[in-house]
Amino acid sequence: MATDSPGTEVDFANLSGPVLVLGGAGYIGSHTVRALERLGIPVVVLDNFSTGHPEAVNVPLVEASLADRETLARTFDEWEPRAVMHFAARCYVGESVEDPSIYYRENVIHAWNLLEAMREAGCQELIFSSTCATYGNPVALPITEENPQVPVNPYGRTKLHMEHMMEDYAQAYGLRFAALRYFNAAGASQEGDLGEDHSPETHLIPLLMQVALGQRDEIAIFGGDYPTPDGTCIRDYVHVEDLADAHLRALSRLQAGVHTLACNLGTGLGYSVREVIEAVRRITRHPIPERMTGRRAGDPPELVSGGSRALEHLGWRPARSALEKILSDAWRFHEAHPKGYSR
Ligand code: UFG
């Protein structure tokens, strides 16, 4: 039995699969596959390796895109998954503004392909990677689930479309789902073998690791004139293994009979870009040269999770998400894999 909060029984022993993990070779997907494997739950991964890494998974793999409805249907026939976890999506705000077509195709149309394949196969349990970007510019901080969902970029809009599709499929066809709205995923596995490896890299923490490794000369700070105490943006960083743990908990709630569930996954603590840089200096013992540049389009000044829905509904606590822990785990992975998984 896992740690419970009052009224929340999360019994990992009763979890059952197989679980089909879409995007299971990616950053958050691979850590969740690892967590499922640890519990002995059968897993199959479907991934097209557009951003994922075959080295990151050690379970049966189907190499395909969600555009390929035939392979998707065949995968449901062959593996008869009881549940699906859907990580396979595009996730860059800036790219979504420049080229929204990709986001509507991959995050909406492909997600609809999945919902149809699940309906045809009679598979009714779905855990979906949503995002704090569905809230847009928050009306209040910290951001609780009651905050209106009014996304301000195509990325957030496409993720919200999927939340709405799932609600309608739940109503009409009995789908049971959890929408997990991540704040800033960060960190790496305890074993040091799984971590963040995107190409090109755009996220603050892996970029700082690249500076510490001498692969970049400096970190650009995107704006020092925000209405925050030190003028730089504040984010809520959550350890990728805590995110993985929340997925198991959400699955167990669905399998215990919960129909739908939507909650934030964040720590409730925010750190500014400057605070993250300082912490990386301490951990890596590298001076990390910095350069102030202009704001990056679409960056809200502050995104911090509020409320206690994840604790109340999932019994979830972000146990590994102290900033120093996140950064030291990330540093261990990057030191061991200076060229990412290709090394
Ligand atoms: N930043 C810099 N310099 C860099 C990179 C980032 O100053 O070189 C800043 C950003 O402006 C931001 C903070 O560091 O203030 C964190 O940026 P990331 O790119 O690491 O993460 P984001 O907050 O932009 O993105 C995350 C998720 C998205 C999600 C978004 C919600 O990665 O999937 O939060 O706004 F949509």
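This section describes strand pairing, helix packing and selected local backbone features in a predicted model.

The strands considered here are β4, β5, β6 and β11, and their description begins with β5. Strand β5 spans residues 125-131, and because seven of its seven residues are buried, the strand is largely enclosed by the rest of the structure. The burial applies to both faces of β5, with E125, I127, S129 and T131 covered on one side and L126, F128 and S130 covered on the other. Strand β4, formed by residues 83-86, runs parallel to β5 and is joined to it by four bridges; within this pairing, A83 of β4 has E125 of β5 as its bridge partner. Strand β5 also pairs with β6 in the parallel sense, in this case over seven bridges, and the residue of β6 that serves as bridge partner of I127 is A178. E125 and I127, which take part in these bridges, are both among the buried residues listed for one side of β5.

Strand β6, comprising residues 176-182, is in turn paired with β11, again in the parallel sense, over six bridges. In this pairing Y182 is matched with L265 of β11. Strand β11 itself covers residues 260-265 and is mostly covered, five of its six residues being buried.

Two helix pairs were examined for their packing geometry. In general, a pair of packed helices is described by the angle between the two axes together with the distance separating those axes. For helix α4 and helix α5, the latter formed by residues 154-173, the packing angle is about 15° and the axes lie 9 Å apart. Angles under 35 degrees count as roughly parallel, and α4 and α5 are therefore roughly parallel to each other. The crossing of α4 past α5 is right-handed. On the α4 side, the contact involves P100, Y103, Y104, N107, V108, A111, W112, L115, E116 and R119, while α5 contributes P154, Y155, R157, T158, K159, H161, M162, M165, M166, Y169 and Y173. Sorted by class, the residues of this contact comprise 14 nonpolar, three polar and four charged.

Helix α4, which extends over residues 100-121, also contains N113. With a relative accessibility of 6%, N113 counts as buried, since buried denotes a value under 20%. When residues up to four places away in sequence are not counted, N113 touches L66, A67, R69 and L72.

The second helix pair consists of α8, residues 273-284, and α10, residues 323-336, which pack at an angle of about 55° with their axes 10 Å apart. Helices α8 and α10 are therefore oblique to each other, and their crossing is right-handed. The contact draws on V276, A279, V280, R282, I283 and T284 from α8, and on L323, E324, L327, S328 and W331 from α10. By class, seven nonpolar, two polar and two charged residues make up the contact of α8 with α10.

Outside these elements, several residues in loops and in the segment before β1 are described by their backbone geometry or exposure. R285 is located in the loop between α8 and β13, the latter being residues 290-293. Although R285 is not a glycine, its phi is positive, at about 60°, and the residue is exposed, with a relative accessible area of 76%. A positive phi is likewise found for F49, another residue other than glycine, with a value near 60°; F49 is placed in the loop between β2, residues 43-47, and β3, residues 61-63.

Cis peptide bonds occur at two positions described here. The bond from G17 to P18 is cis, with omega near -5°, and P18 is situated in the segment before β1, which covers residues 19-22. The bond joining S199 and P200 is also cis, with omega about 0°, and P200 lies in the loop between β7, residues 184-186, and α6.

The loop that follows α6, connecting residues 204-212 of that helix to β8 at residues 219-222, contains G214. G214 is exposed, its relative accessible area being 55%. Although G214 and I288 are separated by 74 residues in sequence, their C-alpha atoms are 9.3 Å apart in space.

Note on methods. Residues numbered from 1 in each chain as written. Predicted model: local features only at pLDDT ≥ 70, side-chain atom pairs only at ≥ 80, totals over all residues. Heavy atoms only, no water. Axes fitted to C-alpha atoms, helices over the stretch in contact; angles between N-to-C directions. Helix = DSSP H or I, 4+ residues; strand = E, 2+ residues; numbered from the N terminus. Parallel < 35°, antiparallel > 145°, perpendicular 65-115°, else oblique. Left-handed = near helix turned anticlockwise from the far one by under 90°. Contact = heavy atoms within 4.5 Å. Nonpolar A, V, L, I, M, F, W, Y, C, P; charged D, E, K, R; others polar. Buried < 20%, exposed > 50% of the residue type's maximum accessible area, 1.4 Å probe, protein only. Pairing = 2+ DSSP bridges.
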